[in-house]
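I opened this entry to look up the ligand surroundings first, then the pockets, and last a pair of strands. I note each item in the order in which I looked it up.

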Amino acid sequence: MSSIKVAILGFGTVGEGVYKTINTHKAKLEAVLGRKVEVAAILIKNKYKNRGIDKETLVTDDFNEILKLKKIDVVVEAIVGQEPAFTYIQRAIQKGCHIITANKEMYAIHGRFLQKLAAENNVSIGFEATVAGGVPIIQTLQQLLNINHIVKIEGILNGTSNYILSEMRARNLSFNEALKSAQEKGYAEANPTNDIEGYDAFYKLMILSEIAFGGKPKWENVPREGITAITAEQIQEVEKIGLRFKLIASIQLVEGEIIGSVRPTLVSEQHPLYNIEGVENSVSIEGDIVGRITLQGPGAGMLPTASAMVEDLIHVLVGGKKTNDLYQKSFVGTEEDKKIKQCWLMIQPGEAELKGVSTFMGSERDHHVLLEADELTISTLRKENHWASFFEVLGELNYKDSVRLTS
Ligand SMILES: NC(=O)c1ccc[n+]([C@@H]2O[C@H](COP(=O)([O-])OP(=O)(O)OC[C@H]3O[C@@H](n4cnc5c(N)ncnc54)[C@H](OP(=O)(O)O)[C@@H]3O)[C@@H](O)[C@H]2O)c1
């Protein structure tokens with residue numbers, strides 16, 4: 001019986017991890033699939049770099065050479081950015097190849113289109129590695145959607161930001177010192193904008209939104225804020241009242257509308273995301289029947305990401321979900337979806353008076369006040385009190401010195 005031929009696009013952290021995992025798990029793959037898996041071709045940019053790739057494998061910088069091969073069953077895409085990845089994937093689908101991708105930016109933008117194209121060509125797309133690396137969040141969501149209605153998803157989806165915030169807190173470092181440490185350890189790239197400004201978490205959130213709610217909010221309506229403005233002083237101050245800063249990506253249905261955000265949020269000790277430290281990722285899913293499920297694990301790295309992609313390889317080859325079944329068909333608001341009021345902590349730098357709230361009793365001593373308000377109220381308060389910082393608080397907070405306000 002002929003072997004399953006795989007082409008890997010990109011041979012960086014992810015592509016090389018997939019190549020190694022296929023080679024180290026040959027026997028297991030053959031046992032599960034009933035056929036050998038062979039990496040027939042690898043696409044790279046610089047074909048003169050020595051990479052220790054088997055001589056039998058075609059190594060090329062020209063994608064046409066891969067498409068010209070007599071047989072490619074699966075294309076694993078692990079290059080960076082929207083293009084040329086999007087074009088290559090379309091061409092591979094049209095040639096009848098299954099696709100597995102790790103490229104969150106490309107998939108957040110073009111995922112729905114590619115799924116449609118894949119369905120038309122009777123192939124499947126695996127994209128587990130696009131969100132939270134080795135954490136099987138996509139498969140878990142698809143499984144839950146057989147019967148549950150997803151109410152909310154919130155999580156720590158960017159390991160680099162979480163590492164920086166953890167280091168700032170545990171070692172009392174400034175943002176720049178913690179970023180430097182992340183770069184030295186290989187957790188942050190030389191240009192860390194995508195991670196620290198929340199873009200990476202945003203793309204992942206949009207992918208989750210499509211699966212859970214059958215659509216995405218308008219991108220311009222999703223507040224996206226990174227962690228660059230958080231100071232070491234703020235981190236130490238909120239720790240005194242049992243809170244930690246986390247870059248939280250969150251998406252939920254409110255009155256039938258998909259509402260999302262990516263922003264620094266304060267998390268209390270009782271919340272499952274409080275103890276997620278360092279480069280770990282964690283996602284908490286709330287389903288109407290199951291309640292809350294929290295997954296935690298490595299969000300990036302060579303082998304965790306390869307693990308997700310090789311699992312996808314099996315799924316696309318042995319009756320994985322057909323593309324049409326991947327997304328919840330449509331989203332509808334339920335009676336329970338209410339205009340949600342959240343708990344917020346306002347941190348004042350000095351003795352300035354809080355405008356826009358007629359009566360409030362806060363902890364003058366600590367210059368912070370707890371508020372209970374919806375997004376709109378907070379956005380008005382932000383405008384009127386631009387010297388103060390407002391952070392949403394997740395989890396229970398037992399804080400005697402402040403009084404909660406209902407606005
Ligand atoms: N790193 C992780 O832990 C992780 C986790 C989950 C998802 N992802 C996603 O996976 C993808 C790959 O990430 P990575 O960390 O492996 O990146 P990387 O280490 O920078 O590797 C990128 C690879 O793609 C090749 N490449 C780039 N542009 C190309 C082009 N136009 N034509 C042909 N080859 C090209 C490069 O070739 P050369 O080697 O010749 O330069 C390199 O081998 C990204 O979309 C990333 O967001 C990464």
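**Ligand.** I began with F11, where a backbone N or O atom lies 2.8 Å from an oxygen atom of the ligand. I then looked up N46 and found a backbone N or O atom of that residue 2.7 Å from an oxygen atom of the ligand. For R51 I noted a polar side-chain atom, rather than a backbone one, at 2.8 Å from an oxygen atom of the ligand. I keep in mind throughout that this is a predicted model. Widening the search, I listed 22 residues around the ligand, of which F11, V14, N46, R51 and G301 come nearest.

**Largest pocket.** I next looked up the largest pocket, for which I noted a volume of about 1500 Å³. Its lining comprises 50 residues, and those that lie nearest its centre are T13, V14, V80, K104 and E189. V14 therefore appears in my notes twice, being listed here and also among the residues that come nearest to the ligand. I sorted the lining of the largest pocket by class and obtained 21 nonpolar, 18 polar and 11 charged residues. Which elements each supply at least two residues of this lining? I found α1 (13–24), α5 (104–120), α7 (159–170), α9 (193–196), α10 (199–213) and β10, and among the elements α10 gives the most, with three residues. By domain, at least three lining residues are drawn from domain 1 (4–126) and at least three from domain 2 (137–297).

**Second largest pocket.** I then turned to the second largest pocket, which holds about 780 Å³ of space. I counted 32 residues in its lining, and the closest to its centre are P223, I259, G260, E375 and L376. Two or more lining residues come from each of β7 (150–156), β8 (243–254), β9 (257–268), β12 (342–347), α13 (375–384) and β14 (389–394). β9 gives the most to this lining, with seven residues. By class I noted 12 nonpolar, eight polar and 12 charged residues in the lining of the second largest pocket. Where does this pocket lie with respect to domain 2 (137–297) and domain 3 (342–394)? It lies between them, because both domains give residues to its lining.

**Strand pair.** Having met β10 in the lining of the largest pocket, I looked up how this strand is paired. Strand β10 (residues 280–287) runs antiparallel to strand β11 (residues 291–298), and eight bridges join the two. I noted that β10 and β11 form a hairpin, with three residues between them. Within this pair, I285 stands opposite I293 in β11.

Technical notes. Residues numbered from 1 in each chain as written. Predicted model: local features only at pLDDT ≥ 70, side-chain atom pairs only at ≥ 80, totals over all residues. Heavy atoms only, no water. Pairing = 2+ DSSP bridges. Helix = DSSP H or I, 4+ residues; strand = E, 2+ residues; numbered from the N terminus. 1 Å grid on protein atoms, 1.4 Å probe; cavity = no way out; pocket = protein on both sides within 12 Å on 5 of 7 lines; lining within 4 Å. Points joined across faces, edges and corners; volume = space filled by probe spheres on them. Nonpolar A, V, L, I, M, F, W, Y, C, P; charged D, E, K, R; others polar. Domains from an automatic or database assignment. Near = heavy atom within 4 Å. Polar contact = N/O pair within 3.5 Å; in protein donor to acceptor, adjacent residues only side chain to side chain.
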